[in-house]
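Here's a quick walk through a small protein model, written for someone who'd rather look at side chains than read tables. Have the structure open and follow along.

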Amino acid sequence: MLENDIKAVDSEKGIEIAVRGDESQKVLIYINHNAFEAVHDNITLAPFECKIVEI
């Protein structure tokens, strides 16, 4: 995703994590593409759930 300057984070299969924002405000966007619950770094995602976490 370099053409859009979207930084991705390595994660478990089926979980997409993108970093958006700048130094004044930055968020992690977690997307579970699985049909089952998934966990990454203490973030639990229901099937197909998305979460945005401010960092």
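Let's begin with Asn32. Not counting neighbours within four places in sequence, Asn32 is in contact with Gly14, Glu37, Ala38, Leu45, Ala46, Pro47, Phe48 and Glu49. Keep in mind that this is a predicted model. Asn32 lies in strand 3, and with a relative accessible area of 1% it is buried, because the cut-off for that label is under 20%. Its side chain has a polar partner too: a polar atom there lies 3.4 Å from the backbone oxygen of Leu45.

**The overall layout**

What is the chain built from? The protein chain has 0 helices and 6 strands, so to speak a plain β-β-β-β-β-β when you read along the sequence. The C-alpha atoms fill a box of roughly 35 × 20 × 15 Å along the principal axes. Of the 55 residues, 27% count as buried. About 4100 Å² of the protein chain is exposed, and carbon and sulfur atoms supply 52% of that area. Among contacts with a separation of 6 or more, 19% are between residues 24 or more positions apart.

On the charge side, there are 5 positive and 11 negative side chains. The centres of those two sets lie 2 Å apart.

**The core**

Which residues make up the largest nonpolar core? There are 8 of them: Ile15, Ile17, Val19, Leu28, Tyr30, Ala38, Ile43 and Leu45. Two or more residues each come from strand 2 (15-22), strand 3 (25-32) and strand 5 (43-45). Strand 2 gives the most, with 3 residues.

Ile15 is a handy member to click on. Beyond its neighbours within four places in sequence, Ile15 is in contact with Ile31, Asn34, Ala38, Val39, His40 and Leu45. Two of those names, Ala38 and Leu45, also turn up in the contact list of Asn32.

Val9 sits in the loop between strand 1 (7-8) and strand 2. Past the residues up to four places away, Val9 touches Ile17, Val19 and Leu28, and those three names are also in the list of core residues. Val9 and Leu28 are 19 residues apart in sequence, with 9.1 Å between their C-alpha atoms. Val9 itself is partly exposed, with a relative accessible area of 33%.

**His40 and Asp41**

His40 belongs to strand 4 (residues 38-40). Is His40 buried or exposed? At 8% relative accessibility, His40 counts as buried, because that is under 20%. Leaving out residues up to four places away, His40 touches Asp10, Ser11, Glu12, Ile15, Ile17 and Tyr30. The His40 side chain also makes a polar contact with the side chain of Asp41, at 3.3 Å.

Asp41 is placed in the loop between strand 4 and strand 5. Its relative accessible area of 59% makes it exposed, because that label applies over 50%. Asp41 also has a positive phi, near 50 degrees, in a residue other than glycine.

**Lys51 and Phe48**

Lys51 is found in strand 6 (residues 50-54). Apart from residues up to four places away, Lys51 touches Leu28, Ile29, Tyr30, Ile43, Thr44 and Leu45. What does the Lys51 side chain reach at 2.8 Å? The partner is the backbone oxygen of Thr44. Lys51 and Ile29 are 22 residues apart in sequence, yet their C-alpha atoms are 5.9 Å apart in space.

Phe48 is in the loop between strand 5 and strand 6. Like Asp41, Phe48 is not a glycine but has a positive phi, here about 65 degrees.

Here are the accessibility values for the residues we've visited:

| Residue | Relative accessibility | Label |
|---|---|---|
| Asn32 | 1% | buried |
| His40 | 8% | buried |
| Lys51 | 30% | partly exposed |
| Val9 | 33% | partly exposed |
| Phe48 | 54% | exposed |
| Asp41 | 59% | exposed |

Key. Residues numbered from 1 in each chain as written. Predicted model: local features only at pLDDT ≥ 70, side-chain atom pairs only at ≥ 80, totals over all residues. Heavy atoms only, no water. Core = buried A, V, L, I, M, F, W, Y, C linked by side-chain atoms within 4.5 Å. Buried < 20%, exposed > 50% of the residue type's maximum accessible area, 1.4 Å probe, protein only. Helix = DSSP H or I, 4+ residues; strand = E, 2+ residues; numbered from the N terminus. Contact = heavy atoms within 4.5 Å. Polar contact = N/O pair within 3.5 Å; in protein donor to acceptor, adjacent residues only side chain to side chain. Areas by Shrake-Rupley, 256 points an atom, 1.4 Å probe, with all protein chains shown as cover. Lys, Arg positive; Asp, Glu negative; His and termini not counted. Charge placed at Lys NZ, Arg CZ, Asp CG, Glu CD.
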